[in-house]
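The following exercises concern the structure shown below. Each task is followed by a solution in steps.

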Amino acid sequence: MTHTLDHRDLQDPAEEPRVREVNLSRPFVWLRLGARDVVHLPRASLGFGGVVAAIGLLLMVVTWKATYVAPALLGGFLLVAPFLAINLYALSHQLEQGQAANTAEAWGAWRANADSIALFGLILALAYIFWERLAAIVFAFFYSGQALHLSRLPMELLLSGQYVGLLFAFVAAGAVLAAIVFALSVVSAPLLVDRPVDVITATLTSLRCCARNPGPMLLWAALIATLTAVGFATLMLGLIVIFPWLAYASWHAYRDLVEV
């Protein structure tokens with residue numbers, strides 16, 4: 001008999017989740033456990049990773065001639081990734097409980113805490129929209145040349161030396177926003193799937209995880225950004241494996257950082 005994510009079996013929502021302190025090497029353990037889950041769930045993992053990669057490739061194709069829009073929208077992928085991975089968190093939970101993988105059940109994992117998960121998704125979507133507008137402002141302020149195709153943008157920005165200020169401002173603005181969203185969401189989505197908590201409790205728990213574990217969290221953020229960049233560099237093909245890998249690893253990060 002399968003065991004669903006029934007919040008009646010979980011911690012009292014009124015009780016504040018307790019945060020653990022972990023050592024600096026733990027992010028590599030999370031990646032190892034995430035890779036193990038990919039091996040155990042190859043069909044579901046690669047299938048969902050393929051969908052995410054196809055969406056990313058579609059965004060790249062659609063925005064190919066839109067200069068700043070492509071890097072802005074693709075970079076914003078990191079902002080909404082925690083929400084996109086909700087069903088993969090549920091699959092990791094099933095493995096953790098010793099269950100056979102049930103993809104249909106995992107797709108419905110959001111229903112147990114639907115209101116809070118929907119609000120969390122809306123917050124991430126607003127952050128995505130804000131980043132796209134911010135990127136447009138930065139690009140308009142610093143770039144005075146003719147509109148470029150995405151294929152010529154790296155050469156124009158990196159090799160000409162004329163737009164170092166634009167590159168710095170673009171990266172700095174994106175890094176600040178990504179750091180804020182990361183701090184608010186690093187364990188929020190898995191926590192919302194696992195327990196009947198509200199968005200405020202989830203985000204505050206995420207902030208406390210970062211405050212108590214600054215070193216491991218900085219390393220974890222760097223690993224996520226690096227692996228995602230590898231996925232982009234392979235024209236999204238790498239995301240077929242990398243996205244589910246990071247999603248499962250994020251579930252194990254949550255389990256490590258927040259007491260059951």
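A nonpolar core is a set of buried Ala, Val, Leu, Ile, Met, Phe, Trp, Tyr and Cys residues joined through side-chain atoms within 4.5 Å. The model treated here is predicted.

**Exercise 1. The nonpolar core**

Identify the residues that touch the most other members of the largest nonpolar core, and the helix that gives the most to this core.

Solution.
Step 1. The largest nonpolar core has 69 residues, and W30, Y89, W220, F243 and L257 touch the most other members.
Step 2. The helix that gives the most to this core is α13, spanning residues 239-257, with 11 residues.
Step 3. For Y89, neighbours within four places in sequence are set aside; the contacts are then P82, A189, P190, V193, A247, S250 and W251.
Step 4. As a general background, nonpolar side chains tend to be buried together in soluble globular proteins.

**Exercise 2. Helix α1**

Determine how the end-to-end reach of helix α1 relates to the expected value, and state which elements its buried residues pack against.

Solution.
Step 1. Helix α1 covers residues 26-40, which is 15 residues.
Step 2. From the first C-alpha of α1 to the last, the reach is 21 Å, close to the 21 Å expected at 1.5 Å a residue.
Step 3. The buried residues in α1 are P27, V29, W30, L31, L33, G34, D37 and V38.
Step 4. These buried residues of α1 pack against α2 (42-62), α5 (86-96), α12 and α13.

**Exercise 3. Positive phi angles**

Locate L235 and M236, and decide for each whether the residue is buried or exposed.

Solution.
Step 1. Most residues other than glycine have a negative phi.
Step 2. L235, which is not a glycine, has a positive phi near 55°, and M236, also not a glycine, has a positive phi of about 80°.
Step 3. L235 is found in the loop between α12 (214-233) and α13, and M236 is found in the loop between α12 and α13.
Step 4. L235 counts as exposed because its relative accessibility is 51%, over the 50% cut-off.
Step 5. M236 has a relative accessible area of 1% and is therefore buried.

**Exercise 4. Cysteines and a buried serine**

Explain why C209 and C210 form no disulfide, and describe the surroundings of S206.

Solution.
Step 1. The structure holds zero disulfides.
Step 2. The cysteine sulfur closest to that of C209 belongs to C210; it lies 6.8 Å away, so the two are too far apart for a bond.
Step 3. For C210, the nearest cysteine sulfur is that of C209, at 6.8 Å, and C210 is in no disulfide.
Step 4. C209 counts as buried at 0% relative accessibility, and C210 counts as buried at 15%.
Step 5. S206 is placed in helix α11, residues 199-212.
Step 6. S206 counts as buried because its relative accessibility is 0%.
Step 7. Not counting residues up to four places away in sequence, S206 touches F182, A183, L184, S185, V186, V187 and S188.

**Exercise 5. The second largest pocket**

State how much space lies in the second largest pocket, and which element gives the largest share of its lining.

Solution.
Step 1. The space in the second largest pocket is about 210 Å³.
Step 2. Its lining consists of F48, F83, L84, I86, N87, A106, W107, W110, A114, I117 and A118.
Step 3. Two or more lining residues come from each of α4 (77-84), α5, α6 (103-107) and α7 (114-142).
Step 4. The largest share, three residues, comes from α7.

Key:
Residues are numbered from 1 along each chain as its sequence is written. This is a predicted model: local features need pLDDT of at least 70, side-chain atom pairs count only at pLDDT 80 or more; totals for chains, interfaces and linings use all residues. Side-chain values use heavy atoms; hydrogens and water are left out. Buried means under 20% relative accessible area, exposed over 50%, partly exposed in between (1.4 Å probe, protein chains only). Helices (H or I, at least four residues) and strands (E, at least two) are DSSP runs, numbered from the N terminus. Contact means heavy atoms within 4.5 Å. A disulfide is a pair of cysteine sulfur atoms within 2.5 Å. The expected span of a helix is 1.5 Å times one less than its number of residues. On a 1 Å grid over the protein atoms alone, a cavity is a set of points where a 1.4 Å probe fits but cannot get out, and a pocket is an open set with protein on both sides within 12 Å along at least five of seven lines; lining residues have an atom within 4 Å of a point. Grid points are joined across faces, edges and corners, and a volume is the space filled by probe spheres set on the points.
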